[in-house]
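Student: I have a model open and would like to work through it residue by residue. Where shall we begin?

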Amino acid sequence: MAPGIMPLSCCRAMPKSDGAKKPASEAMPDQRWKLQVFYLCFYGFMTQIRPGESFITPYLLGADKNFTKTEVTNVITPVLSYSYMAVLVPIFLLTDYLRYKPVLVLQSLSHISIWLLLVLGTSILAMQLMEFFYGITMAARIAYSSYIFSLVAPSRYQRMASYSRSAVLLGVFTSSVLGQLCVSLGGVSFLTLNYISLGFVSFGLILTLFLERPRRSLFFNRPREAGDAAVPTELDRMAGGDGGGGTRGWRDMVLCRMLRELGALARQPQLRLWSLWWVFNSAGYYLMLYYAHILWNEISLTTNNHQVYNGGVDAASTLLGAVASFAAGYLKIRWTLWSELVIGVVTAFQAGLLLLMNSTTNIWLCYVAYVLFRGSHQFLVPIAIFQIATSLSKELCALVFGVNTFFATVLKTIITIIVADKRGLGLSVHPQFYVYFGYFTLLAVVYLLAAIGVGVQHSHRRQPVELALAKEPCQLPVEIPAQEKSPEAGTVRA
């Protein structure tokens, strides 16, 4: 998953009372909400068309800008982590308070600023400012991913969320392929590609202006119609309200109460495990993404733009990630028993891929390792979403993922300060990847040791039952455990 996208599609929808009036999204004429969803998906697709994005690093290191690898690695790129951490919480709150559209406009303006700076900027400060705006666009992705939930009824959440997410993935894939075709077949320069990207993001701003601003949102702008009183939300119950009645200080108190409830939820083993995976593995995953293109430039020293295949590799990794996410939905195992082992094996596989990427001198092997690394991470993302969100209300779901993303961002920033920033160790890209290899190796060891502990506990619990069954097989009823759900089924409760 990309940072900033709030995965609410698996959150539990609150049951409706028989006498409750349909919410506005259900009462809305069919054609209207369908057109709104279609337009939002079209918007999500078009705003991803930035064919120059895969080639920003070779553009900065090439003759157009002529920055050194040290400047790009240790001075310019770290600003992205700092910017993202600084704006994540404010944008998370403003997205809900301002009802999505203003934040989407901010995102479009930031995209335009990025490509104006890439085209016109010549100094390190200008490129650092470009990375700052990049952090804003990443944090603002929450506005698009959560906008869909203001348009449709809870019963349609999962399907509509899959549509909007698919539109984004298709846009990223199309953008990467378009950029690669322009470079390899069209002989387009990186500078011209950035002008093309500037045109697309400017068109994205025009599309943003025609989005309808919703009247409700998750926390600060809840519906107050009479019909909503019969369906109290998580916020109403915590505030002691009845869904539309009193406003007794809930804005000041409810989020604090929800945070306290998160502390109680942290005692659930599966939610705790997958939240920790989200924090620790996501931090390492995005650090690898930030510096992979610099590593490719280190391995392949070609000055011929036609032999730079960043766009094709990004397209392949996006496609494999989509396929892996889809396949994960059909994996049916006892997650309470096998979660630690699955996470441990995948993390160990990722550590091996990082070592391969860093030690090979063959750029194609590095490309393949990168694609497999991203695919393996995207394989676990929908499983994590399901395991975390399946028993939560949509309010708590949003808060859990927001907290997880924030802690992952803080950890990523700490590692960046220590490892990459010139004020820390200031390591070049190859030593950095050895650090990331060690980081994932340590995580894999911890997960696999936890898997062994779970296996030992499970075998100890089974032994007394087996002995009892052997002694008195006719006197003890045998309970067949219910098959655990997969992320593909049962993710929304109407």
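Tutor: Start at Phe-45, which lies in helix H2, residues 30-46. Keep in mind that this is a predicted model.

Student: Is Phe-45 buried, partly exposed or exposed?
Tutor: The relative accessibility of Phe-45 is 21%. Buried requires a value under 20%, and exposed one over 50%. Phe-45 therefore counts as partly exposed.

Student: Which residues does Phe-45 contact, leaving aside neighbours within four places in sequence?
Tutor: Look along the chain to Thr-174, 129 residues away from Phe-45. The C-alpha atoms of the two are separated by 8.9 Å. With neighbours within four places left aside, the contacts of Phe-45 are Ala-167, Leu-170, Gly-171 and Thr-174.

Student: How many helices and strands does the chain have?
Tutor: The chain runs to 494 residues, and buried residues make up 52% of them. Its count is 18 helices and 0 strands.

Student: What share of the contacts with a separation of 6 or more joins residues 24 or more positions apart?
Tutor: Phe-45 and Thr-174 give one example of a contact, at 129 residues apart along the chain. Across the chain, residues 24 or more positions apart account for 83% of the contacts with a separation of 6 or more.

Student: Which residues touch the most other members of the largest nonpolar core?
Tutor: In soluble globular proteins, nonpolar side chains tend to be buried together. Here the largest nonpolar core holds 120 residues. The members that touch the most others are Trp-274 and Met-357.

Student: Which helix gives the largest share of this core?
Tutor: The share in question is 19 residues. It comes from H13.

Student: What does Met-357 contact, beyond its neighbours within four places in sequence?
Tutor: Some of its partners sit in H13, including Met-288 and Ala-292. The full set for Met-357 is Met-288, Ala-292, Leu-295, Ile-299, Cys-366, Ala-369, Tyr-370 and Phe-433.

Student: How do H13 and H15 run relative to each other?
Tutor: Their axes come within 12 Å and cross at roughly 15°. Angles under 35 degrees count as roughly parallel. H13 and H15 are therefore roughly parallel to each other.

Student: Is the crossing of H13 and H15 left-handed or right-handed?
Tutor: Follow the contacting residues first. On the H13 side they include Trp-274, Trp-277 and Leu-295, and on the H15 side they include Trp-335, Ile-343 and Met-357. H13 passes H15 in a crossing that is left-handed.

Student: Staying in H15, is Val-342 buried or exposed?
Tutor: Val-342 lies in helix H15. Its contacts, beyond neighbours within four places, are Ile-333, Trp-335 and Leu-380. Its relative accessible area is 17%, so Val-342 is buried.

Student: How far apart are the C-alpha atoms of Val-342 and Tyr-447?
Tutor: Along the chain, 105 residues separate Val-342 from Tyr-447. In space, their C-alpha atoms are separated by 8.8 Å.

Student: How many salt bridges are there?
Tutor: Side chains of opposite charge can pair when their charged atoms come close. One pair is Arg-50 with Glu-53, whose closest N and O atoms are 3.3 Å apart. Another is Asp-421 with Arg-423, at 3.0 Å. The count comes to 3.

Student: Which helices does the salt bridge between Glu-298 and Lys-69 tie together?
Tutor: The closest N and O atoms of Glu-298 and Lys-69 are 3.3 Å apart. The two residues are 229 residues apart in sequence. Glu-298 lies in one helix and Lys-69 in another, so the pair ties together H13 and H4.

Student: In the pair of Asp-421 and Arg-423, which residue is exposed?
Tutor: Asp-421 has a relative accessible area of 4% and is buried. The value for its partner is 67%, and exposed means over 50%. The exposed residue is Arg-423.

Student: What is the phi of Asn-66?
Tutor: Asn-66 lies in the loop between H3 and H4. At 58% relative accessibility, Asn-66 counts as exposed. Although Asn-66 is not a glycine, its phi is positive, at about 60°.

Student: Where does Arg-99 lie?
Tutor: Arg-99 is not a glycine either, yet has a positive phi of about 65°. It is partly exposed, with a relative accessible area of 22%. Arg-99 lies in the loop between helices H5 and H6.

Definitions and conventions
Residues are numbered from 1 along each chain as its sequence is written. This is a predicted model: local features need pLDDT of at least 70, side-chain atom pairs count only at pLDDT 80 or more; totals for chains, interfaces and linings use all residues. Side-chain values use heavy atoms; hydrogens and water are left out. A salt bridge is a side-chain nitrogen of Lys or Arg within 4 Å of a carboxyl oxygen of Asp or Glu. Helices (H or I, at least four residues) and strands (E, at least two) are DSSP runs, numbered from the N terminus. Buried means under 20% relative accessible area, exposed over 50%, partly exposed in between (1.4 Å probe, protein chains only). A nonpolar core is a set of buried Ala, Val, Leu, Ile, Met, Phe, Trp, Tyr and Cys residues joined through side-chain atoms within 4.5 Å. Contact means heavy atoms within 4.5 Å. Axes are lines fitted to C-alpha atoms, for helices over the stretch in contact, and angles run from 0 to 180 degrees between N-to-C directions. Angles under 35 degrees count as roughly parallel, over 145 as roughly antiparallel, 65 to 115 as roughly perpendicular and the rest as oblique. A crossing is left-handed if the near helix is turned anticlockwise from the far one by less than a right angle, and right-handed if clockwise.
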